[in-house]
Amino acid sequence: MEYLITFVEGLASFISPCILPVIPLYISYFGASSESGKRAITNSIGFVTGFSLVFILLGIFAGTFGKLVHQYTNYINIILGLFLIIIGLNYMGVIFIKLLNKSKEIKKDKKDLNLISSVFFGIIFSLSWTPCVGAFLSSALILASTTGSVLKGAILLLLYSLGLAIPFIVTTLLLEKLKKTFDFIKKHYNIINKIAGSILILSGLWNIISGILGIIR
């Protein structure tokens with residue numbers, strides 16, 4: 001179940017209000033507006049590889065941390081579950097947390113972008129946009145930390161990265177055809193955010209219930 005959740009959270013990060021509106025701009029940086037479609041795909045693969053490396057390292061760290069405090073897992077589950085509920089309420093608009101609603105602008109000369117620089121661009125993206133995708137990334141890291149396994153933590157964040165990466169690559173290929181889809185998503189942000197918030201709240205409740213049951217046992 002947690003594997004599916006982290007993958008869906010990656011997808012949700014892609015359509016979050018501070019990322020989706022600038023996706024066409026990102027694609028242009030990959031070279032989609034140039035004569036070479038191959039260059040665009042190569043750069044987009046480099047880009048998603050860059051941010052995936054960072055997220056997987058975070059997953060390894062979270063898994064390691066969870067392993068060290070494994071005996072307190074049930075209590076951590078409850079605390080982190082409450083945290084997920086809070087950020088879920090933020091996405092639903094019930095409360096407002098400024099850090100999770102930050103929007104960033106990208107600054108990069110697309111003329112110099114190639115496979116290697118795209119990887120570094122992806123790394124910069126993962127670091128600078130963490131507050132923007134913070135809600136879903138935090139949820140994925142919470143799941144990773146509660147596993148108490150370094151390998152499982154890495155796999156969970158790999159799935160999160162894939163959920164974020166696959167739409168990037170597909171969009172690079174089909175940017176023109178997906179314009180109407182982008183417009184539809186932007187038009188229905190309110191509903192999408194409520195759904196995303198609900199997913200986070202359910203994940204939080206799952207963590208809390210698991211923690212309570214673990215303590216009772």
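**Entry 1: terms and ground rules.** I began with the word "buried", which I use for a residue with under 20% relative accessible area, while exposed stands for over 50% and partly exposed for what lies in between, computed with a 1.4 Å probe and protein chains only. I noted that this is a predicted model, in which local features need pLDDT of at least 70 and side-chain atom pairs count only at pLDDT 80 or more, whereas totals for chains, interfaces and linings use all residues. Residues are numbered from 1 along each chain as its sequence is written, and side-chain values use heavy atoms, with hydrogens and water left out.

**Entry 2: the overall layout.** I looked up the elements and found nine helices and zero strands, taking helices as DSSP runs of H or I with at least four residues and strands as runs of E with at least two, numbered from the N terminus. Of the 217 residues of the protein, 47% count as buried.

**Entry 3: serines in H3.** I turned to serine 44, which sits in helix H3, and asked myself whether serine 44 is buried or exposed. Serine 44 counts as buried because its relative accessibility is 0%. Its side chain makes a polar contact with the backbone oxygen of isoleucine 41 at 2.8 Å; such a contact is a pair of N or O atoms within 3.5 Å, where within protein one must be able to donate a hydrogen and the other to accept it, and residues adjacent in sequence count only if both atoms are side-chain atoms. Serine 52 also belongs to helix H3, and I recorded it as buried because its relative accessibility is 13%. A polar atom of the side chain of serine 52 lies 2.6 Å from the backbone oxygen of valine 48.

**Entry 4: leucine 57 and isoleucine 23.** Leucine 57, again in helix H3 (residues 37–68), is exposed, with a relative accessible area of 57%. I found its C-alpha atom 9.1 Å from that of glycine 153, although the two residues are 96 apart along the chain. Isoleucine 23, in helix H2, is buried at 0% relative accessibility. Its C-alpha lies 9.2 Å from that of threonine 172, with their positions 149 residues apart in sequence.

**Entry 5: the largest nonpolar core.** Which residues touch the most other members of this core? Among its 33 residues, they are Phe47, Phe51, Phe125, Leu157 and Phe168, where a nonpolar core means a set of buried Ala, Val, Leu, Ile, Met, Phe, Trp, Tyr and Cys residues joined through side-chain atoms within 4.5 Å. The elements that give two or more residues to this core include helix H1 (2–14), helix H5 (115–128) and helix H6 (134–147).

**Entry 6: two helix lengths.** H4 has 20 residues and spans 28 Å from its first C-alpha to its last, close to the 28 Å expected at 1.5 Å a residue; the expected span is 1.5 Å times one less than the number of residues. Its buried residues include Asn77, Gly81 and Asn90, and just after H4 I saw that glycine 93 takes a positive phi of about 85°. Helix H9 (residues 189–216), with 28 residues, reaches 40 Å, close to the 40 Å expected. Among its buried residues I listed Asn193, Gly197 and Asn207.

**Entry 7: isoleucine 166.** I closed with isoleucine 166, in helix H7 (residues 150–174), which is partly exposed because its relative accessible area is 40%.
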